[in-house]
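User: I'm new to this kind of thing and would like to learn how to read a structure. Could you take me through it feature by feature?

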2 protein chains.
Amino acid sequence: MSSKGSSAVAKRPVNKSRAGGPSQIVEAPASKKNGGPKPKPGKMVYFFGATRTEGNSTMKPLLGGKGANLAEMTSIGLPVPPGFTITTDACAAYYKNGQQLPYGLMNEVNKNIAVLEAELDKKFGSNDNPLLVSVRSGAAVSMPGMMNTILNLGLTDASVAGLAAATKNARFAYDAYRRLINMFGDVVMGVDHSHFEEAFKKIKAKYNAKDDTDVPEKGIIELCEAYKGVYQKHVGEVFPQNPFKQLELAIEAVFKSWNSDKAVSYRRIEGIRGLNGTAVNVQSMVYGNMGDDSGTGVAFTRNNATGENAFYGEFLINAQGEDVVAGIRTPKHVDEMPKWNKDVYNQLLKIKGKLEKHYKDMQDIEFTIERGKLYMLQTRTGKRSGIASVRIACDMLREKLIDEKMAMLRIPAGDLTQLLLPSFDPASKKKATTLTRGIPASPGAATGKLAFTAHEAVERARAGEHVLLVRSETSPEDVEGMHSAVGILTSTGGRTSHAAVVACGWGKCCVVGAGELNIDEKKGTVKVAGQTLGRDDVVSIDGSTGEVMLGAISSIEPKLSGDFALVMKLADKYRTLGVRTNADTPEDAQRARDFGAEGIGLTRTEHMFFEGERIKAMREMILAENRADREKALAKLLPYQRDDFVGIFKAMKGLPVTIRLLDPPLHEFLPQDDATQTEMAQMLKISAEKVRRRVAQLHEMNPMLGHRGCRLAVTYPEILVMQVRAIVEATIECLRSNIKAMPEIMVPLIGTKRELAALRTEIEATIAEVKAEQDYKPRLDIKIGTMIEIPRAALTADEIAEVAEFFSFGTNDLTQMTFGYSRDDINTFLPDYLKRELLDHDPFQSLDQEGVGQLVKMGVDKGRSRKPDLKVGICGEHGGDPKSVHFCHRAGLDYVSCSPFRVPIARLAAAQAAIMGEAPKK
Amino acid sequence: MSSKGSSAVAKRPVNKSRAGGPSQIVEAPASKKNGGPKPKPGKMVYFFGATRTEGNSTMKPLLGGKGANLAEMTSIGLPVPPGFTITTDACAAYYKNGQQLPYGLMNEVNKNIAVLEAELDKKFGSNDNPLLVSVRSGAAVSMPGMMNTILNLGLTDASVAGLAAATKNARFAYDAYRRLINMFGDVVMGVDHSHFEEAFKKIKAKYNAKDDTDVPEKGIIELCEAYKGVYQKHVGEVFPQNPFKQLELAIEAVFKSWNSDKAVSYRRIEGIRGLNGTAVNVQSMVYGNMGDDSGTGVAFTRNNATGENAFYGEFLINAQGEDVVAGIRTPKHVDEMPKWNKDVYNQLLKIKGKLEKHYKDMQDIEFTIERGKLYMLQTRTGKRSGIASVRIACDMLREKLIDEKMAMLRIPAGDLTQLLLPSFDPASKKKATTLTRGIPASPGAATGKLAFTAHEAVERARAGEHVLLVRSETSPEDVEGMHSAVGILTSTGGRTSHAAVVACGWGKCCVVGAGELNIDEKKGTVKVAGQTLGRDDVVSIDGSTGEVMLGAISSIEPKLSGDFALVMKLADKYRTLGVRTNADTPEDAQRARDFGAEGIGLTRTEHMFFEGERIKAMREMILAENRADREKALAKLLPYQRDDFVGIFKAMKGLPVTIRLLDPPLHEFLPQDDATQTEMAQMLKISAEKVRRRVAQLHEMNPMLGHRGCRLAVTYPEILVMQVRAIVEATIECLRSNIKAMPEIMVPLIGTKRELAALRTEIEATIAEVKAEQDYKPRLDIKIGTMIEIPRAALTADEIAEVAEFFSFGTNDLTQMTFGYSRDDINTFLPDYLKRELLDHDPFQSLDQEGVGQLVKMGVDKGRSRKPDLKVGICGEHGGDPKSVHFCHRAGLDYVSCSPFRVPIARLAAAQAAIMGEAPKK
């Protein structure tokens with residue numbers, strides 16, 4: 001039985017209550033007009049109905065979300081079946097009392113039942129047109145694990161006959177009764193549902209019925225008797241024939257469910273604190289299954305997929321929710337309703353308008369039509385797609401329903417990805433077979449035939465095929481093939497692997513570390529999930545989820561609407577946090593500028609060394625045996641680097657460009673396989689043995705914590721000199737051509753002040769040297785700063801700030817070291833950690849504010865304590881995660897830097913943080 | 001020219017001023033009897049001599065170490081050539097004045113020269129018995145990089161004739177003059193010494209002299225003229241003929257030397273702050289080279305190698321310091337002095353006694369005999385060996401010269417190693433050829449013939465040979481061979497490599513990561529330093545320095561004297577910090593108890609899985625494909641583990657034993673080479689392919705940050721269950737045999753509270769289960785705690801403390817992650833870091849108090865803020881480093897834990913920390 005009871009159509013978008021960052025949505029504050037009476041001390045029950053309505057939508061903490069909105073809808077004159085809500089305070093008192101219902105509660109409940117009886121002219125437990133109610137839990141925050149709904153409460157052996165008479169439908173009445181006994185036994189008294197099932201089976205066998213609905217009235221009446229027997233056997237008492245007793249037990253069961261293991265664990269994990277308990281909603285029953293003039297439905301007041309301002313939903317005639325769950329009948333679209341009942345349809349359209357005007361947001365409603373009369377059973381803010389959220393916010397802004405700030409808060413920043421990258425059509429995806437799941441390395445959707453080598457990918461792409469490159473891992477040699485493929489899939493490596501980093505930079509869909517893939521490159525096959533796929537098989541990968549699916553899945557291409565531009569304009573108006581981008585090429589830089597980046601926060605120079613002639617010179621440098629030979633090889637790299645920088649400076653047109661000096665360990669530039677090593681030896685005219693020896697010598701146990709970053713500059717100062725030289729030469733070249741160039745030199749992996757001081761001296765000396773060589777007199781404003789990515793750097797940030805003009809938090813590495821998690825290896829245990837709820841999320845996706853965040857705050861505070869005007873940013877991938885952006889705003893950072901495609905997300909998230917009044921502490 | 005000038009014999013132990021931890025020695029506070037006059041404001045010059053003595057040994061900050069001790073010796077009636085000291089305040093004033101000598105300084109200097117003239121009845125610059133002085137720098141702390149001594153100041157063209165007349169030795173007088181011109185030109189005026197050399201060469205050629213001493217009087221007089229020419233040419237002025245001008249320039253040169261690059265950098269690196277500047281000592285000259293009744297020497301008041309209470313030193317007749325520097329003559333032992341001049345010898349013996357009584361410590365003295373008269377030129381605390389420091393402290397305690405606390409402070413704790421482990425005879429070692437240097441992994445000294453496989457080592461050791469096992473790296477299979485060898489040498493791996501960890505546990509000498517070794521196991525050769533060594537070559541390795549040397553070097557076996565026991569007894573009396581040990585076997589546990597360990601702070605359970613049948617079962621477990629099969633394999637390990645624990649509990653006799661659950665990644669237990677993999681497959685009756693696949697699957701990019709520690713327990717709870725079961729079964733077995741067992745279960749690598757909470761629940765459930773199975777009713781007091789070794793654990797220690805009864809800081813891993821340094825790979829850059837002074841020391845040897853220490857303090861404070869009685873210890877190898885022990889005492893830790901051989905060091909260091917009043921903050 002569905003928790004929606006008789007009034008809900010089940011096939012509807014489910015509330016993703018644990019959906020993490022992107023789906024958080026901000027609800028409109030209730031209109032001030034809905035003031036209503038304030039809660040009275042001691043009052044435990046709030047009525048809603050024609051007689052009086054005591055609650056309103058501002059009272060969610062006291063009445064729960066559902067109860068507050070039922071009262072609100074009643075107040076504004078919508079047809080809501082009357083009822084009352086028991087407060088969350090009563091629940092708190094229940095627990096304070098050692099799990100005893102608070103004194104006076106049932107007295108108050110009974111008084112409200114009396115009001116209900118009077119209003120509806122029905123009697124609770126009467127054998128003549130009896131009052132029946134539903135009982136539902138409802139906390140201030142939607143929370144799974146709490147009690148299911150109980151319907152039809154008030155039915156007894158006596159009143160069921162009354163219902164049969166009043167409805168003139170005995171089968172209906174007894175069916176309602178058997179449902180009550182079942183639900184009550186199961187939910188309130190803990191009788192296993194299977195016992196009831198068994199009894200039903202017997203009856204069905206007796207009447208030779210295939211489905212429940214085939215059982216005749218007589219059988220249903222027998223079933224009620226059988227169910228009462230089951231109840232008595234397992235509870236040890238007869239099924240309560242006093243409706244007030246039923247109600248009391250049900251209320252207590254709702255209270256108890258507040259502390260069920262599942263609910264407690266949910267609150268713990270979600271960090272939900274400060275709530276009193278759950279409210280209990282007791283509402284008079286209405287029925288959508290009383291004949292062809294009855295029905296039930298759910299709808300959104302606007303299209304939740306596109307955002308279009310049109311009533312959008314489904315309904316079923318003569319139905320209860322569970323009919324849909326059973327999948328027997330297909331609901332109709334609300335557009336078809338006028339043909340059935342034009343009045344009701346028009347009523348609903350009016351209600352849509354009224355609700356939107358009132359709540360100032362798109363609503364998700366539930367309704368039931370009982371014998372031609374419409375009843376509203378629920379309204380709440382409707383979940384929507386990213387595309388819809390943008391359109392609805394902009395439309396409502398134009399309709400003057402909401403103001404600019406509210407429009408900003410209405411769009412979950414992370415959902416903007418849907419507007420920027422292709423994504424799979426959800427309907428088509430649902431039908432696909434998932435083969436395995438890897439690490440989502442670069443978002444997007446890609447479908448293609450499998451190619452097993454880079455060369456193959458290039459050839460087949462030239463021939464017009466869409467190919468998906470499948471490799472155990474990729475290396476610099478594969479770059480051209482990767483570029484030719486529509487997407488990249490690897491069986492090893494993590495988010496920092498070559499494939500991941502290169503693909504992410506291009507915005508190309510990529511899934512890495514899909515360990516279950518068994519790739520045979522020579523045969524051109526991959527085994528996975530019991531299947532063997534070859535070159536002609538089509539596979540689809542989802543770069544946002546890591547899913548690897550069989551066959552073609554249709555995808556939706558993004559279109560940037562005028563609304564998107566409006567949202568970005570408003571975001572820039574409200575945000576105080578700067579947004580830069582991580583870009584390594586002029587193309588990336590240009591794209592990021594198009595997306596509104598205000599500078600480059602991270603240019604990774606190492607990616608510039610992987611192509612063609614460059615990698616050769618790089619390898620020559622690494623294999624050189626003395627400084628002179630290294631310098632000779634570096635001299636070959638210099639012109640490439642300089643030209644790269646000139647290109648980026650031109651693209652950024654005077655915006656700051658933070659260039660990070662060489663960071664990865666040198667062995668990443670050497671080939672690891674014999675064949676390529678031999679090839680390389682021939683090219684460099686040295687023995688293969690020497691290449692192998694150097695590769696072996698550079699091998700490290702834990703390269704993440706090894707000879708990389710500024711440690712390279714300490715042992716090979718000539719590398720630093722070449723890079724700084726390229727930066728300064730490029731800057732002077734640009735300035736002399738009247739192109740403003742604003743480089744900032746960033747030293748990676750600093751752990752001590754002395755390190756940075758020593759390297760700073762060398763950087764400054766090189767700048768002076770190049771200026772002298774170039775006979776360039778004007779002052780060159782080249783800032784020198786550092787990554788803060790090692791815990792020790794954050795701990796001693798006051799010292800380090802003395803020799804740095806800026807800090808940029810490298811939260812990828814900082815997370816690795818603060819947690820002791822290797823990003824490349826985390827997949828060996830992260831799934832278990834998430835499953836066992838030891839972590840709420842992958843800390844590489846959303847910043848761990850409690851742990852890593854402490855170090856970030858410490859770094860900012862200590863740094864500014866010594867140098868108040870220190871510029872501080874973040875260039876880890878968290879810079880594009882909305883929750884992390886909020887954190888950065890609060891921590892007082894000057895800017896975040898993220899990949900080009902996430903720049904719009906960061907801009908919006910920054911605006912939301914500013915609007916939400918999260919004052920940065922500067 | 002030696003800085004000791006004419007009064008020092010050069011071949012003497014040099015003050016290792018940058019000697020790091022072990023050599024720090026605490027000087028006796030000056031006796032209160034030496035009160036003397038307090039410094040007067042404005043007074044810039046302090047006289048010492050017969051007329052008056054204005055300074056004393058408490059005035060080191062004002063007068064520098066040398067000046068204060070010259071005054072002190074004068075005060076107590078020792079024959080010190082009179083002179084005066086210009087204060088460090090005057091130096092500070094010089095810098096405050098923009099490098100101008102402070103007003104009135106030269107006036108005060110001149111007045112003191114007048115006192116000196118009167119006292120000695122000589123005139124400065126007189127051509128009749130002229131007053132000559134030396135000028136020396138001398139700060140409160142001994143500091144290299146400051147000005148060299150200038151001797152013979154006061155000589156001019158006029159006075160040199162007077163000196164010749166007075167000494168009746170013209171050659172001596174002009175030799176003194178040419179030395180002055182040279183020194184003054186070089187040191188004060190910056191004339192390159194080579195210019196003087198050249199002039200001397202010409203004179204030598206002219207007189208056909210081989211050595212300087214072959215040049216006759218006439219030549220020396222000509223040399224003076226030539227030197228004055230050199231001086232004038234390069235300075236642009238004539239050599240100053242006014243002795244007061246000479247003095248003024250020399251004083252200013254000393255002041256300037258305080259800010260020389262070398263001195264500034266030395267202070268920066270040593271963290272020397274708060275000093276005013278350098279003092280200047282102006283002292284009347286005495287000469288040891290005035291004939292056979294003159295001489296010069298240095299001595300220790302006790303034997304600095306053995307500590308024996310006997311006068312110990314060397315002297316040269318008719319000599320100056322530089323004669324010894326030149327290596328022409330061999331000094332005589334002071335025992336021979338009575339034969340030469342019994343009076344002077346007896347005088348020296350009296351002075352020895354007087355100085356020791358006065359300074360209450362062994363002294364290092366310099367003296368000169370001029371024409372039969374003894375002069376004292378310096379006294380200071382003498383450096384000594386570890387053995388000597390123990391003996392001297394205990395002797396002086398018995399002699400009632402010092403009290404217990406002072407005796408404790410007199411012994412550099414780290415130097416106790418010399419008493420506990422064999423070490424190479426320094427004389428023998430000095431002559432040896434160093435082949436290369438690796439990482440010192442386990443201290444001691446080992447000499448043996450090379451064995452290239454474990455098997456070979458076992459066989460040859462059985463045959464009675466001393467073999468040194470040389471491997472590229474060791475694996476669990478090599479354990480028996482390692483045990484048979486006298487020492488272990490590897491070409492790869494760091495301090496956490498298998499070889500290092502196993503050897504260190506055994507106290508067996510081991511050097512790892514000697515990367516220059518080119519080992520050919522098949523041929524049985526190793527190439528290094530241009531030599532090829534084979535099975536019959538003898539090599540010596542020093543496990544304290546990492547040196548690998550050719551041939552046999554005689555070593556000194558340690559003998560534990562009664563003095564050692566006394567020192568340990570006193571240490572226990574004064575220390576407040578507990579000392580535990582890291583021990584994995586009953587033997588280690590026993591040895592550590594013998595050394596005074598008060599419990600085990602770390603038992604690494606993984607080492608128990610490496611031997612014989614155990615590794616088989618371990619591998620079976622790792623290769624199992626489901627939980628049931630893993631549990632089957634683990635069941636085989638259980639009895640071994642239980643017996644290990646029983647053995648350790650028995651050895652520890654009721655002292656607490658902290659047992660760490662499995663920590664290393666599983667791949668460490670699998671063979672990495674093809675042959676062993678195949679062998680293993682056969683043994684386990686599975687395909688070799690499967691073994692290889694599993695090995696490949698378990699491969700990690702950064703195993704340090706991978707699937708290890710508590711992460712194993714999260715994904716394979718059955719491993720934790722087996723280990724806890726073994727602990728509890730062993731505990732109950734012991735308790736039932738009336739052996740007190742006090743296990744503490746320690747969970748490694750915790751990063752979040754949730755992790756520990758979840759595992760704690762499983763540990764507690766297992767304890768309860770075993771108790772029930774065993775029908776054991778009494779309460780079992782098994783504490784459950786965690787390592788704090790991940791930065792995030794320290795940052796969130798308040799939360800974690802809620803579910804932990806104790807913390808143990810794993811400062812090895814904490815250092816790795818706080819610095820981002822892989823201990824196994826640090827050798828690729830650490831040497832450059834030390835050379836470039838970017839680090840003062842290897843942070844894995846002595847705790848980085850500034851960075852890692854912050855996290856330790858944070859962990860202690862946050863932990864105790866939530867749980868005030870939280871027990872906190874440290875079990876990284878820093879637990880045996882004296883400086884780190886001091887830090888742990890100050891940070892308020894309850895105990896340190898270290899390897900058995902370092903337990904005495906930790907006990908002494910803890911006592912010293914307590915005595916030095918470093919109050920722990922609890």
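Analyst: Sure! One definition to start: a helix here is a DSSP run of H or I with at least four residues, and helices are numbered from the N terminus. Keep in mind, too, that this is a predicted model. Now a case: helix α16 of chain A is followed by A:G464, whose phi is positive, near 95°.

User: Which residues of α16(A) are buried?

Analyst: "Buried" means under 20% relative accessible area. In α16(A), which covers residues 454-462, that goes for A:A454, A:E456, A:A457, A:V458 and A:R460. Those buried residues pack against two strands, β16 (445-451) and β17 (467-471), as well as helix α17 (479-484), again in chain A.

User: Why is α30(A) said to be largely enclosed?

Analyst: Because nine of the nine residues in α30(A), residues 811-819, are buried, the rest of the structure largely encloses this helix. Among those buried residues are A:T811, A:D813, A:Q816 and A:F819. Right after α30(A) comes A:G820, with a positive phi of about 70°.

User: And how about a single residue: does A:A441 count as buried or exposed?

Analyst: A:A441 comes out at 12% relative accessibility, so it counts as buried. You'll find A:A441 in strand β15 of chain A, residues 439-442. Look at A:G513 as well: it lies 72 residues from A:A441 along the chain, and their C-alpha atoms are separated by 9.2 Å.

User: What about sheets? How do I read one?

Analyst: The general idea is that strands of a sheet pair through backbone hydrogen bonds, in either a parallel or an antiparallel way. In chain A, five strands make an open sheet with antiparallel pairing, and the order is β1-β2-β7-β5-β6. At the edges sit β1 (45-48) and β6 (150-153), each of which pairs on one side only. From one strand to the next, the twist averages 20°.

User: Which helix packs on that sheet?

Analyst: That's α1 of chain A, residues 60-75. Helix α1 touches β1, β2, β5 (133-138) and β7 (279-284), and its direction makes about 35° with that of β7(A).

User: How many bridges join β1(A) to β2(A)?

Analyst: Four bridges do, and the two strands run antiparallel, with β2 spanning residues 83-86. For one spot to look at, find A:F48, which stands opposite A:G83 in β2(A).

User: Can we zoom out to the whole chain?

Analyst: Let's do that. Chain A has 34 helices and 33 strands, and its C-alpha atoms fill a box of roughly 105 × 60 × 55 Å along the principal axes. Of its 922 residues, 60% are buried. Chain A exposes about 35800 Å², with carbon and sulfur atoms supplying 50% of that. Take the contacts between residues at least 6 apart in sequence: 69% of them join residues at least 24 apart.

User: Then how are chains A and B related?

Analyst: In general, a rotation about an axis and a shift along it relate two copies of a chain. Here, a turn of 180° with a shift of 0.0 Å along the axis lays chain A on chain B, with an RMSD of 0.2 Å. The two copies are therefore related as by a two-fold rotation axis. Both copies use the same surface: 100% of the contact residues of chain A recur in chain B.

User: Which residue of chain A comes closest to the rotation axis?

Analyst: It's A:N702, whose C-alpha lies 2.2 Å from the axis.

How values were computed
Residues numbered from 1 in each chain as written. Chains lettered and ligands numbered in written order. Predicted model: local features only at pLDDT ≥ 70, side-chain atom pairs only at ≥ 80, totals over all residues. Heavy atoms only, no water. Pairing = 2+ DSSP bridges. Axes fitted to C-alpha atoms, helices over the stretch in contact; angles between N-to-C directions. Contact = heavy atoms within 4.5 Å. Least-squares fit on C-alpha atoms with pLDDT ≥ 70 in both. Buried < 20%, exposed > 50% of the residue type's maximum accessible area, 1.4 Å probe, protein only. Areas by Shrake-Rupley, 256 points an atom, 1.4 Å probe, with all protein chains shown as cover.
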